[in-house]
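Please look over this model with me. My notes are short and follow below.

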Amino acid sequence: GTVYVTNFFDYTKGCASGNDGAVEVYAGGSTTPTSTLTDPNMTYAFYDAVDDQGNLYVTYLHVTGPSGSGHIDEWMGASGAATDLGITLQAPGGIQTTRNGALLVCDQEVGCGDFEPGTTTMTNVFATSGAFPIALDKHEKHAWVENSGVTTGQLQKYKYPGPDKKAKQSITVPGGGYSGVAVSPPAPQGAPY
């Protein structure tokens, strides 16, 4: 299959100055990028997710002057030009597609929640500020979140969907920090947003 790697900076172009986030595409079997997806507004790329129709969603930060705003782009069929979904985030984090077509997203300043298909308002908010990467279990009944807002390296399990501000389980990861989280077995790719 194809692998999509969000690079905070676009290293393919040799740029590590923080002004060119990108998604590098690796076709099956390739050990070098076979293409790159970019958006001129994508200053820093954060996380990505693919739905069951092959559409790609990326959370990113667009910096203008001393401030910035988070957004979510969609690439239909994981190619062509990006479409900004009109969703504004304060501090973008993890993203996952869900079986009902919602985008499960973490905003480091708000917590995690759903953007139901076609909407731009987060609902079913759970976790707390500081939530960054996220992973759903196979049945979409629990979400695992790395939450530095509690304690650096704190991995927390929440009932999904929210609202749920109290973690069902917490694990302190020694030496943990901003990193990814995966669950086995994972949730399958969700429906298109």
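The points below cover one sheet and some unusual backbone spots.

1. This is a predicted model, where local features need pLDDT of at least 70, side-chain atom pairs count only at pLDDT 80 or more, and totals for chains, interfaces and linings use all residues. Residues are numbered from 1 along each chain as its sequence is written, and side-chain values use heavy atoms, with hydrogens and water left out.

2. Start with the open sheet. Its 4 strands run in the order 8-9-10-11, with antiparallel pairing. Strands here are DSSP runs (E, at least two residues), numbered from the N terminus. Two strands pair if DSSP finds at least two bridges between them.

3. Strand 8 (92-97) and strand 11 (123-126) stand at the edges; each has a single partner strand, so one side of each lacks a neighbour in the sheet. From one strand to the next, the twist averages 20 degrees (axes are lines fitted to C-alpha atoms; angles run from 0 to 180 degrees between N-to-C directions).

4. Strand 8 pairs with strand 9 (residues 103-107) over 4 bridges, in the antiparallel sense. Q96 stands opposite L104 of strand 9.

5. Most residues other than glycine have a negative phi, and most peptide bonds are trans. A78 has a positive phi, near 55 degrees. A78 lies in the loop between strand 6 (67-75) and strand 7 (83-84). A78 is buried (under 20% relative accessible area, 1.4 Å probe, protein chains only), at 9%.

6. Two peptide bonds deserve a look. Y160 to P161 is cis, with omega near -5 degrees. S184 to P185 is cis, with omega near 0 degrees.

How values were computed
Buried < 20%, exposed > 50% of the residue type's maximum accessible area, 1.4 Å probe, protein only.
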